[in-house]
Amino acid sequence: MRISKLVGERLKDSASGTNVKSHNFLLRAGYLKQVCNGIYSLLPPAQLVNLKIQNIIREEMNKVGGQEVLMPVVMPKEMWEKSGRYYSIGEEMVRFKDRNDHDMLLGMTHEEATVQLCTNTIKSYDQLPFMVYQIQTKFRDEARPRAGLIRVKEFTMKDAYSFHYDKEEMKKYYQRVYDSYNRIFKRIGMKNFIAVKSDTGMMGGEIAHEFMLLTDIGEDSIVICPHCDYKANMEVATSIDTKPSFEDIDLKEVFTGDAKTIEEVCSLLNIKPNQTIKAVCYAIVGDDKNTVVVFVRGDKEVNEAKLKKIVGKEVATKDLTETGFVKGNIGCLNLNIPNTRIIFDSSLKDLCGMVTGTNKEGYHTIGVNLKRDLPNIDFVDVSKVNEGDVCPICGAKLTIKRGIEIGNIFQLGTKYTKSMEMTVTMPDGSLMNPLMSCYGIGVGRALASVAEESADDKGLVWPMSIAPWQIYFCPLRMDDENVKEIAEEIYKSLLKKFEVIYDDRNVSAGIKLTDSELMGVPIRVVISPRSLQNKQAEITIRKSSEKIMVELKDLNEKLKDLISQEMEELNG
RNA sequence: CGGGGUGUAGCGCAGUUGGUAGCGCGCGUGGUUUGGGACCAUGAGGUCGGGAGUUCGAGCCUCUCCACCCCGACCA
């Protein structure tokens, strides 16, 4: 490829309106062009990276027996009514009508389509296990796209689905894909990633893992034990609570005036937040009547993912106007509001000497003893883990890090095969619903994640395995007839063996060299009148800035070595 | 959906008390340059996000709609 013909421009000024390093470089280096909020076109270099990532994924999926298929983006409503998700998934799924007034939707995931594909196609247990996968465009009408390709509405996803005749066998297969995912992320050059236990969310099922790239720009919080294996998404993370103990005194109402927030009450009463009981109110989505109140210790926060599971429905923080609650003074004693479910977090269990609202303006109650004043209460874990809480496995202090979800795997069980009536014949002649698992990787997100992790202050730094080109061929002084002639010759010979971007522009050295660094091509080959005097070329390794002078006659051989060396490292 | 911010040339930005728009980069042409974003000359490129209003006159004031960015809610 000649850079003079390459579609897209390299920008000197950094793009405005983004604070994510990799996204900034991807825009500046001519990889992406935004179409609208959360929707991008990929320019040639990005598409080359995209295809390479896809091919690595494809190879690894094939290795675990995956069969590539391609399912439709547009699907009829009926399929999704069967599984129940036509109604349970919110506005992120785009629904529309075709010209015959038939309800259709854009697929955001393909469990339904896969079951439809396999039902009556697979008839006997004998054909299990098997896995189908596809690499396909997904559309999700995200509430808030952000950080370039990290969270977008339209993206390319590899999604795989496996089917099994028993749980043991499903778990074994799940482990194989888990290992496969580790290989994929390693091969595309990702370094600091981990697998964590995760919430099953809208997918359903029991066990799920997310693969997370640890980075400060990540959207998820991950709880990690520095001493043992425990790693979990904040949504499902648990910890052993270390209970504070306070003097057990009698109940007493105290005047607190305008003090409403935990901070205000604490500073007024000269106590710490962990001596207070905080009330958080939720509405149930799609249910105007009922309210949920969660009482949690003042230093803790409600984990809404956990709350959803307890309630069994979507919840949203509730506006307290026109309810019976006294905002800022809600207390757990004598709270009598109709149609209200009250939930106590386990952080409050057995505590005494606590402070809570009195359910009337201007007053809080001190000396609450949960055992004495509220006997017969069930405490449930509905709070978020705090940094420094105690690991549920080994007892060490937990840390919290940020991460980008780069892949996820779920053991779905029979949720879809049951609801969509997929059966196979078992050895004894009976029919059963096969067990199912699903496995996803966002290709564009993987691209952006590697870009984010490997970029330096000069620009992108692609790992060899997914670089748009292996070599940036950069002759200086293209006005010099001798340079130009030799450059054309070298380019032709490089093209036979390597993937090359040829900077054939007659512009100053500075522009060429900075562009090569911005674009992140792993190896740069420079020739110039100076180097040609000695019949030499200069090789620069992008990631280390290491420079190697090499005789022109040895150039191809040297490049071959450098490339295979890095590829071996990436492939393990 | 809530809070905050920004919309002026391809990109980055300036534009004073209201008087019909500039700068840098980039792009075209001619010339001089050439190992870390050269220089001279010259040229093209704008419905100042859209609409309505106030005014003799609006990039600037008022109203309204829209788009994008950031924080939250939401999220495979």
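The following dialogue concerns a predicted model of chain A with RNA strand B.

Trainee: How is chain A built overall, and into which domains is it divided?

Mentor: Chain A has 15 helices and 29 strands, and its C-alpha trace spans about 95 × 70 × 50 Å along the principal axes. The division gives domain 1 (45–71 + 108–142 + 154–237 + 400–452), domain 2 (252–380) and domain 3 (471–571). The centres of domain 1 and domain 3, taken over C-alpha atoms, are separated by 40 Å. Of the 572 residues, 40% are buried.

Trainee: Why is Phe-255 called exposed?

Mentor: A residue is exposed if 12 or fewer other C-beta atoms lie within 10 Å of its own. Phe-255 has 10 such atoms within 10 Å, and is therefore exposed. Phe-255 belongs to strand S13 (residues 252–255).

Trainee: Which residues does Phe-255 touch, leaving aside those up to four places away in sequence?

Mentor: Phe-255 touches Gly-362 and Tyr-363. The C-alpha atom of Glu-168, 87 residues apart from Phe-255 along the chain, is separated from that of Phe-255 by 61 Å.

Trainee: What makes S13 and S18 edge strands?

Mentor: The open sheet of three strands has the order S13-S19-S18, with antiparallel pairing. S13 and strand S18 (354–357) are the edge strands, as each pairs on one side only. From one strand to the next, the twist averages 35°.

Trainee: How do you know that S18 and S19 are paired?

Mentor: Two strands pair if at least two bridges are found between them. S18 and strand S19 (residues 363–368) have three bridges, in the antiparallel sense, so the criterion is met. Within S19, His-364 stands opposite Gly-357.

Trainee: Which strands stand at the edges of the sheet of five strands, and why?

Mentor: The order of this open sheet is S26-S25-S27-S28-S29, and its pairing is mixed. Strand S26 (500–502) and S29 each have a single partner strand, so one side of each is left without a neighbour in the sheet. Neighbouring strands of this sheet are turned by 25° against each other on average, direction ignored.

Trainee: What shows that the pairing in this sheet is mixed?

Mentor: Two pairs illustrate the mixed pairing. Strand S25 (residues 471–475) and strand S27 (residues 523–527) run parallel and are joined by five bridges, with Phe-473 having Val-525 in S27 as its bridge partner. Strand S28 (residues 536–541) and S29 pair in the antiparallel sense over five bridges, and Gln-536 has Glu-551 in S29 as its bridge partner.

Trainee: What lies between S28 and S29, and why is S29 described as hardly covered?

Mentor: S28 and S29 form a hairpin with five residues between them, and Ser-545 in the turn has a positive phi of about 65°. A residue is buried if 20 or more other C-beta atoms lie within 10 Å of its own. Among the five residues of strand S29 (residues 547–551), the count of buried residues is zero, and the strand is thus hardly covered.

Trainee: Which residues surround RNA strand B, and which elements supply them?

Mentor: There are 48 residues around RNA strand B, the closest being Asn-37, Ala-143, Arg-144, Gly-510 and Ser-528. Strand S8 (154–164), strand S24 (435–442), helix H13 (509–519) and helix H14 (529–533) each supply at least two residues of this surface. H13 gives the largest share, eight residues. By class, the surface near RNA strand B has 16 nonpolar, 16 polar and 16 charged residues.

Methods. Residues numbered from 1 in each chain as written. Chains lettered and ligands numbered in written order. Predicted model: local features only at pLDDT ≥ 70, side-chain atom pairs only at ≥ 80, totals over all residues. Near = placed C-beta within 6 Å. Helix = DSSP H or I, 4+ residues; strand = E, 2+ residues; numbered from the N terminus. Nonpolar A, V, L, I, M, F, W, Y, C, P; charged D, E, K, R; others polar. Domains from an automatic or database assignment. Contact = placed C-beta atoms within 7 Å. Axes fitted to C-alpha atoms, helices over the stretch in contact; angles between N-to-C directions.
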